[in-house]
Structures are given as C-alpha cells and as structure tokens.
Amino acid sequence: MNGLSASPLRNLASVLGFVLAIVVLATGAYMRAGWSFEDALYMVILTIFTVGYGEVRPISTHYLHIVTMGTIVLGCGGMILVTGAMVQVFTGSQIRQLLGINRVRSDIDKLKDHVIVCGFGRIGLMLAKDLAAGGAAFVILERGDKRFAEAMEMGYLCLQGDATDEAALIAAGVRRARVLATVLPDDAANVFITLSARSLNHGLKIIARGEAPSTESKLIQAGAAQVVLPTHIGAERIAEMILYPETARFIRGSERMRDFEKVLRDLGMQMEMVFAAENSAAANVTVEELERRGKGAFFVVQIDRQTGETITRPPASTMIGAGDGLLVVGRTGGALSALMSAPAPRPPAGRTTD
C-alpha cells in the first residue's frame, strides 16, 4: 500500500482507537461510582454521540460531574475526528481514482500506431502477455469490473468500457491505432466492433475472433483483415500432434524452441506445419522449386513423409510428395497455405507431359 492511501487509513485507525479508549475509561469511571456496566456504557454512548436523551442516573456528585464533562469533551471531540478521518479516506479514494483515470487517459492520448485489444478474457490475457513481452504498445478495452481490475493490477494500460460503443473505441485511440484485435467470445459483438472500428479508421488493421466458422465471412465483409477461429486452430493443432508427433514435439517441446519461435516473431516471421495437398502445385516438386515459387517468402526446414520418415534440413533436390507435411519458416503463412492447396499448373496447350 502506498503512502497516499496508507496515511488516511492510519489516521482513521488511530482516531477510532482513541474513541474506543475513551469509551472504556468513561465506562469504568461510571462503574466506579456504583453504576452497573449496562447503565455506564449506555450513558457513555449517549454522551459521545450527542443524542440528547435524559440522564440514566442523576449526576449529583462532584466526581460524576468531572467524569461526565470529560466524556463530553473527549468523546464528542473524538467523534468529530472520526468523521473527519472517514471523509478524508473516502475523498482520498475518489481523488486517487480520478487521478488514475486521468493518468491512463493521458498515457493513451500520447500513443500512436498502438494496438487495441477488445476483451480481457482467456485469449485477451494471453495476447496482452505476448504483446508486453514483445514490447508493443497496447490498450485493453474491458467492460467487466473484475477483469478490468486484473488488467490494472498486472500493470497494463486499460480502459473500462464497452468496445461496441464508438465512444470507448475513440477513447482508446482507435483513430491513431495501427491494429485492433477484438477477441470477445461473442461473434455478434466482434462483428459490430469491426464495423465501428473500420468506420472510424479506414487504415486500421483489424484482427477478429470468431467462434462459428460461418462468422468468418461476415467479419471479413465487416472489415476484418484476418479472422482467427480458436476452435479450428485447436483442432488443427491436435491433428498435427496425432499425424506428426515428432514434429509437434520439435516445435514446442523444449524451452529452446519456444525461445526460437519468439525470436522469429520479433523478426516478423513464423514457424508452422503445412501439408502438400494432393494434385496441388506443391506436390511432386522439389524443395528448390517450391521455395522458388514462394519467391523467398519461406524456406523448408523439415519434411515429414506419410510413411513416417522425417527429413531434417532437406537438400534442395528433395522431392515433396502429396500429403507430406512441411515444417517451414516464413514471413507469411497465408501465401504459403494458398500455394500448398493451389492446383498444379496445367501444361501449355499443344504440349504433352512425360
């Protein structure tokens, strides 16, 4: 707890302790005069809270006069101090909250070419961690109180608001942002956010999450540059582990390979497993020919044959068979996937193949 918040709380605790001590001492003083504990405590409570009821017993002796006057002065004064300390605590909390909001907004106003993450759920959390590890500037938009508090505790720049509201997107700096990732588990909300963000910034790159495969086309039409289907990716990953267990372990089975993948991401590259579809342009060609067709966008580092054979660092003359799995490193997986599934080129008219 920092000093700004600890000092008012310490003051309140000290004042409450003082009032409690007055209650105990005054109650004991009345009991010394022969009063019962119940009457003594009742008299003290009436006095320090200045309720104004009649006296429980007659205050007829010099001793009782002194005890009562002391209880009035010290008890009432203590309650005034308690009220002041409570006001200080609540006012200080509001001021700190206001200062925190203003600081966050000021930091966001300074950002340019940043990333906006809509939603701080499971995927949003992983995305924020990776962005932070990569040194990217980003803002999180989260509506829920609990997740918003979690993001703030983790030190992320976060705004509490509904990403489907254009005002919230504007507050997050959507007009100056480079990328917006909407990763809510609600397809309709992601489509609406994509539409709103695209209307506010035509040059913005939007990456959207989709739950149902049928949502992908809607998100593309709404303006998303890329659509991520977590369930589809998960299914591909499981299939990869079943069909090519050795490669799956090679990619993510060691800390060294995870570090290597991070370095690749920092360089704008990625490592992935692709498959040469039957009758595609990638089947029945050499590694050299495939890389030539890719125009330097990727290179092959491993081939997994359907027979179970694994060829690491395959020579340029190695032939790729239909259904082979290729572990590649490249700048763009989209172009590579398209090449792997594209039909084989037809020979020119009037010519025959061997």
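This is a tour of a predicted model, moving from the whole chain to its two sheets, its nonpolar cores and a few single residues.

**The whole chain**

Begin with the full protein chain in view, coloured by secondary structure, which comes to 13 helices and 12 strands. Of the 354 residues of this chain, 39% count as buried, and the accessible surface comes to about 20,600 Å², with 59% of that area belonging to carbon and sulfur atoms. If you display contacts with a separation of 6 or more, residues 24 or more positions apart account for 60% of them.

**The parallel sheet**

Next, select strands E1 to E6, which form an open sheet of six strands with parallel pairing, in the order E3-E2-E1-E4-E5-E6. At the edges stand strand E3 (158-160) and strand E6 (226-228), each of which has a single partner strand, so one side of each is left without a neighbour in the sheet. Viewed along the sheet, neighbouring strands are turned by 15° against each other on average, with direction ignored.

Stay with this sheet and narrow the selection to E1 and strand E4 (residues 179-182), which pair in the parallel sense over four bridges. Here Val115 can be found opposite Val179 in E4. Then add helix H5 (residues 145-153), which packs on the sheet and touches E2 and E3, its direction making about 160° with that of E3.

**The nonpolar cores**

Now show side chains for the largest nonpolar core, which has 28 residues; among these, Ile116, Leu141, Leu169, Val174 and Leu180 touch the most other members. To see where this core draws its residues, highlight the elements that give two or more, namely helix H3 (62-109), strand E1 (115-118), strand E2 (138-142), helix H6 (166-171), helix H7 (187-200), strand E5 (205-209) and helix H8 (215-222). Of these elements, H7 gives the most to the core, with four residues.

Which residues does Val174 touch, if those up to four places away in sequence are not counted? Selecting the surroundings of Val174 brings up Ile116, Leu169, Leu180, Ala197, Leu200, Asn201 and Leu204. Apart from the core just described lies another one, of 16 residues, which can be located by selecting some of its members, including Val23, Ala29, Leu64 and Val67.

**An aromatic cluster**

Select Phe120, Phe138 and Tyr156 and display their rings, since this is a group to inspect together: ring pairs link these three residues into a cluster. For the chain, the count of aromatic pairs comes to three.

**The antiparallel sheet**

Move on to strands E7, E12, E9 and E10, which make up an open sheet of four strands, in the order E7-E12-E9-E10 and with antiparallel pairing. Strand E7 (270-275) and E10 stand at its edges, each with a single partner strand, so one side of each is left without a neighbour in the sheet. Neighbouring strands of this sheet are turned by 30° against each other on average, direction ignored.

Centre the view on strand E9 (residues 298-304), where six of the seven residues are buried, so the strand is largely enclosed by the rest of the structure. Six bridges join E9 to strand E12 (residues 325-330), the two running antiparallel, while three bridges join E9 to strand E10 (residues 310-312), again in the antiparallel sense.

Asp304 is a useful residue to pick here: this residue stands opposite Gly325 in E12, and its bridge partner in E10 is Thr310. Ile303 has Ile311 as its bridge partner in E10. Follow the chain through the hairpin of E9 and E10, which has five residues between the strands, and stop at Gly308, which takes a positive phi near 105°.

**Met319**

Finish at Met319, which lies in strand E11 (residues 319-320). Is Met319 buried, partly exposed or exposed? With a relative accessible area of 43%, Met319 is partly exposed, given that buried is under 20% and exposed is over 50%.

Around Met319, select Asn284, Val285, Thr286 and Arg305, which are the residues it touches when those up to four places away in sequence are not counted. For one of these, Val285, draw a distance to Met319 between the C-alpha atoms: they are separated by 5.5 Å, although the two residues are 34 residues apart along the chain.

Key:
Residues are numbered from 1 along each chain as its sequence is written. This is a predicted model: local features need pLDDT of at least 70, side-chain atom pairs count only at pLDDT 80 or more; totals for chains, interfaces and linings use all residues. Side-chain values use heavy atoms; hydrogens and water are left out. A nonpolar core is a set of buried Ala, Val, Leu, Ile, Met, Phe, Trp, Tyr and Cys residues joined through side-chain atoms within 4.5 Å. Buried means under 20% relative accessible area, exposed over 50%, partly exposed in between (1.4 Å probe, protein chains only). Contact means heavy atoms within 4.5 Å. Two strands pair if DSSP finds at least two bridges between them. Axes are lines fitted to C-alpha atoms, for helices over the stretch in contact, and angles run from 0 to 180 degrees between N-to-C directions. Accessible areas come from the Shrake-Rupley method with a 1.4 Å probe; for residues, only the protein chains shown count as cover. Rings of Phe, Tyr and Trp (its six-membered ring) pair if their centres lie within 6.5 Å; planes under 30 degrees apart count as stacked, over 60 as edge-to-face and the rest as tilted.
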